[in-house]
Amino acid sequence: MIIVSDKARDSVDCLSWLDKQPARSVVFLCFGSRGTFTVLQLKEIAESLERSGQRFLWVIKTPAHDEGTNQIIDDTGEFELSSVLPSGFMERTKERGLVVSAGSGGCRGANDWMATARGWNSVLEAVVVGVPMIGWPLHAEQHVNRNLMVEEMKVAVGVEQREGNGFVTGEEVERKVRELMESERGRVIRETSLKIRDMVVAALGEFGSSTKALADWVQTWNTITN
């Protein structure tokens with residue numbers, strides 16, 4: 001595993017590392033600007049990534065101390081990544097993993113799928129570039145977003161979370177990783193994600209529906225204000 005902790009270099013180093021990976025081969029794990037986990041949950045995720053054998057880019061925020069909290073209360077404290085990951089994990093995965101302890105660049109060509117808390121910004125980023133998702137909602141509207149992506153748009157799978165604290169076992173994380181990367185259902189989801197990406201690109205084109213809707217709104221607004 002490669003570790004990056006200098007925030008000024010995070011984005012550049014992440015994108016440089018991604019560019020060296022085969023196309024659509026990397027698992028990207030990021031849970032928003034405020035999402036975080038306990039050390040126990042982080043270790044479950046690490047063990048699942050190691051067992052899966054997949055390439056990964058993982059953004060880790062300041063760990064939560066209360067197992068009932070999945071939001072960062074104070075992100076000013078520093079922590080050593082080695083203190084929140086299983087012993088030997090970094091050495092064993094150094095050939096295929098990159099872990100950063102701050103925000104990083106978003107979706108890119110090497111990303112095959114994205115594990116996300118399902119904040120709307122993350123959802124839009126993934127849809128626009130055709131990256132399928134594993135939905136892991138933590139708070140706010142993210143549960144609704146997960147249902148939309150899994151049940152309606154068919155571009156994601158959702159993890160099974162423990163009632164009460166939302167804990168997800170390493171076995172469940174590994175199962176979802178393999179489902180998207182190796183199974184027939186995963187292939188269908190990836191194809192659907194690419195089709196929707198093409199629809200988004202068309203909608204944003206010069207004569208696309210989104211472009212037209214925005215132009216109509218501007219015209220209506222000008223009519224009202226003038």
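Visitor: How many residues of strand 2 (residues 26-30) are buried?

Guide: Five of its five residues, in this predicted model. Start with the general idea. In a regular strand the side chains alternate between the two faces of the sheet. Now the case here. Val26, Phe28 and Cys30 lie on one side of strand 2, Val27 and Leu29 on the other, and all are buried. Both faces of the strand are covered.

Visitor: Which strand pairs with strand 2, and in what sense?

Guide: Strand 3 pairs with strand 2 in the parallel sense, over four bridges. For a landmark, take leucine 29, which stands opposite tryptophan 58 in strand 3.

Visitor: What does strand 3 (residues 55-59) pair with besides that?

Guide: Strand 4, again in the parallel sense over four bridges. Tryptophan 58 is the landmark once more, standing opposite valine 99 in strand 4.

Visitor: Which way do the residues of strand 4 (residues 97-100) point?

Guide: Gly97 and Val99 point one way, Leu98 and Val100 the other. All of them are buried.

Visitor: On to helices. Where do the buried residues of helix 5 lie as seen down its axis?

Guide: General idea first. An α-helix has 3.6 residues a turn, so residues three or four places apart point the same way. In helix 5 (residues 142-152) the buried residues are Gln142, Asn145, Arg146, Met149 and Val150. They fall within an arc of 120°, so they line one face of helix 5. The face turned away from that side carries the exposed residues Val144 and Glu152.

Visitor: What covers the buried residues of helix 5?

Guide: The cover includes helix 4 (120-129), strand 6 (133-135) and strand 7 (156-158).

Visitor: Which residue with a positive phi follows helix 5?

Guide: Lysine 154, with phi near 60°.

Visitor: How far does helix 7 (residues 184-203) reach?

Guide: Compare its end-to-end span with the expected rise. Helix 7 has 20 residues and reaches 29 Å from its first C-alpha to its last. That is close to the 28 Å expected at 1.5 Å a residue.

Visitor: Which residues of helix 7 are buried, and which exposed ones sit on the face turned away?

Guide: Gly186, Ile189, Arg190, Ser193, Ile196, Val200 and Ala203 are buried. They cover an arc of only 135° around the axis, which puts them on the same side of helix 7. The face turned away carries Lys195, Met199 and Val201, which are exposed.

Visitor: Now charges. How many salt bridges does the whole structure hold?

Guide: A search finds 13. For each one, check the N to O distance, the place of each partner in the chain, and the burial. Begin with arginine 92 and glutamate 50, whose side chains meet at 2.4 Å, N to O. This pair links distant parts of the chain: arginine 92 is in helix 3 (residues 89-92), glutamate 50 in helix 2 (residues 39-52), and they are 42 residues apart. Arginine 92 is partly exposed at 46% relative accessibility. Glutamate 50 is also partly exposed, at 25%.

Visitor: Which residue forms a salt bridge with glutamate 174?

Guide: Arginine 51, with the closest N and O atoms 2.7 Å apart. The pair again links distant parts of the chain, with glutamate 174 in helix 6 (residues 170-182) and arginine 51 in helix 2, 123 residues apart. Glutamate 174 is buried, with a relative accessible area of 13%. Arginine 51 counts as partly exposed at 36%.

Visitor: How far apart along helix 6 are glutamate 172 and lysine 176?

Guide: Four residues, so about one helical turn separates them. Their side chains meet in a salt bridge at 3.8 Å, N to O. Glutamate 172 is buried at 6% relative accessible area. Lysine 176 is buried too, at 12%. Salt bridges that share partners join Glu172, Arg175, Lys176, Glu179 and Arg185 into one network.

Visitor: What is the mean pLDDT of the protein?

Guide: It is 84, and 82% of the residues reach 70 or more. Then look element by element. Helix 2 has the highest mean, 96, and strand 1 (residues 2-4) the lowest, 42. Over residues 1-9 the pLDDT is below 50, and this stretch has 27 contacts in the model beyond near neighbours in sequence.

Visitor: Where else does pLDDT stay under 50?

Guide: Over residues 103-110. For that stretch the model has 29 contacts beyond four places in sequence.

Note on methods: Residues numbered from 1 in each chain as written. Predicted model: local features only at pLDDT ≥ 70, side-chain atom pairs only at ≥ 80, totals over all residues. Heavy atoms only, no water. Salt bridge = Lys/Arg side-chain N within 4 Å of Asp/Glu carboxyl O. Helix = DSSP H or I, 4+ residues; strand = E, 2+ residues; numbered from the N terminus. Buried < 20%, exposed > 50% of the residue type's maximum accessible area, 1.4 Å probe, protein only. Arc of directions from axis to C-beta. Contact = heavy atoms within 4.5 Å. pLDDT = per-residue confidence, 0-100. Pairing = 2+ DSSP bridges. Expected span 1.5 Å × (residues − 1).
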